[in-house]
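This report describes one protein structure for a reader who is new to the subject. Please keep the sequence and the model in view while reading.

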Amino acid sequence: ATFTANTYTLQVSVPAHGTITGTGISCATGGDATSADCRETVTFAQQYTYSVAADTGYSFAAWGGDCVTNGDGTCTITADTTPTVSATFTLDQHVLTVTPPAHGTIATVAPWTGISCATGDAADSAGCTETFTYFDVVELSVAADTGYSFATWSGCTPVVGTPTHCTVAMTADTTVSATFTANTYTLQVSVPAHGTITGTGI
């Protein structure tokens, strides 16, 4: 008598934010769960190993289904039934750090919150750092202290028409700062009737 090993259909769940690859499998975000890219015939008792790659802005979190995680980040199934493979991903997070300004305040603009960094604040204070996710484009505004005027932004893109606002795309940890200049005024000396007034420049 002769016998043949049973075969099964491996089903890969279409990942939300990445690609799962392996023998006969290349199942990616937006794919069709019923397509050949996400299904493969596997043979009883044979082992199959799969890899994962996250989409931009995401990181691999965990394997699911019948796949056993390996030390190198891959996973392996042993075909003894109708196996399934899945993977989950998390949205990347990055830290926005605001350098405490010398003569003003930098703050988030609604709907964003978390930043309100003013003259005298410590660099590591809660109002000078905040965590955002990869696709966030955070808007900041600046207000000068009395006697000073806003000069320039560093680390973010000024908003056209509103130079005291800027935006920063949180695709990486980012540091933002602003500079200010002291205001100048014209001193007017009234011409004395019977004497001389002197001083710096006068």
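## Surface and model

Accessible areas are obtained with the Shrake-Rupley method and a 1.4 Å probe; for residues, only the protein chains shown count as cover. On this basis the protein chain exposes about 11,400 Å², and carbon and sulfur atoms supply 53% of that area.

The model is predicted: local features need a pLDDT of at least 70, side-chain atom pairs count only at pLDDT 80 or more, and totals for chains, interfaces and linings use all residues. Residues are numbered from 1 along each chain as its sequence is written, and side-chain values use heavy atoms, with hydrogens and water left out.

## Confidence

The predictor's confidence in each residue is given by pLDDT, from 0 to 100. The protein chain averages 95, and 100% of its residues score at least 70. The mean is lowest, at 94, in strand S1 (residues 7-12) and highest, at 98, in strand S14 (residues 137-144).

## Overall form

The protein chain contains 18 strands and zero helices. These elements are DSSP runs numbered from the N terminus: helices are H or I with at least four residues, and strands are E with at least two.

The C-alpha trace spans about 130 × 30 × 25 Å along its principal axes. The radius of gyration, taken over C-alpha atoms, is 30 Å. A compact globule of 202 residues would have a value near 17 Å, by the rule of 2.2 Å times the number of residues to the power 0.38.

Buried residues (under 20% relative accessible area, with a 1.4 Å probe and protein chains only) make up 29% of the 202 residues. Among contacts (heavy atoms within 4.5 Å) with a separation of 6 or more, 60% join residues 24 or more positions apart.

## A five-stranded sheet

Five strands form an open sheet in the order S3-S2-S5-S8-S7, with antiparallel pairing. Two strands pair if DSSP finds at least two bridges between them. Strands S3 (25-28) and S7 (68-69) are the edges, each pairing on one side only. At the S7 edge, two bridges link S7 to strand S8 (residues 75-78), and Val68 stands opposite Thr76 in S8.

At the other edge, strand S2 (residues 18-22) is joined to S3 by four antiparallel bridges; Thr21 has Ser26 in S3 as its bridge partner. S2 and S3 form a hairpin with two residues between them, and Gly24 in the turn has a positive phi of about 75°.

In a regular strand the side chains alternate between the two faces of the sheet. Along S3, Ile25 and Cys27 point to one face and are buried, whereas Ser26 and Ala28 point to the other and are not.

Key. Buried < 20%, exposed > 50% of the residue type's maximum accessible area, 1.4 Å probe, protein only.
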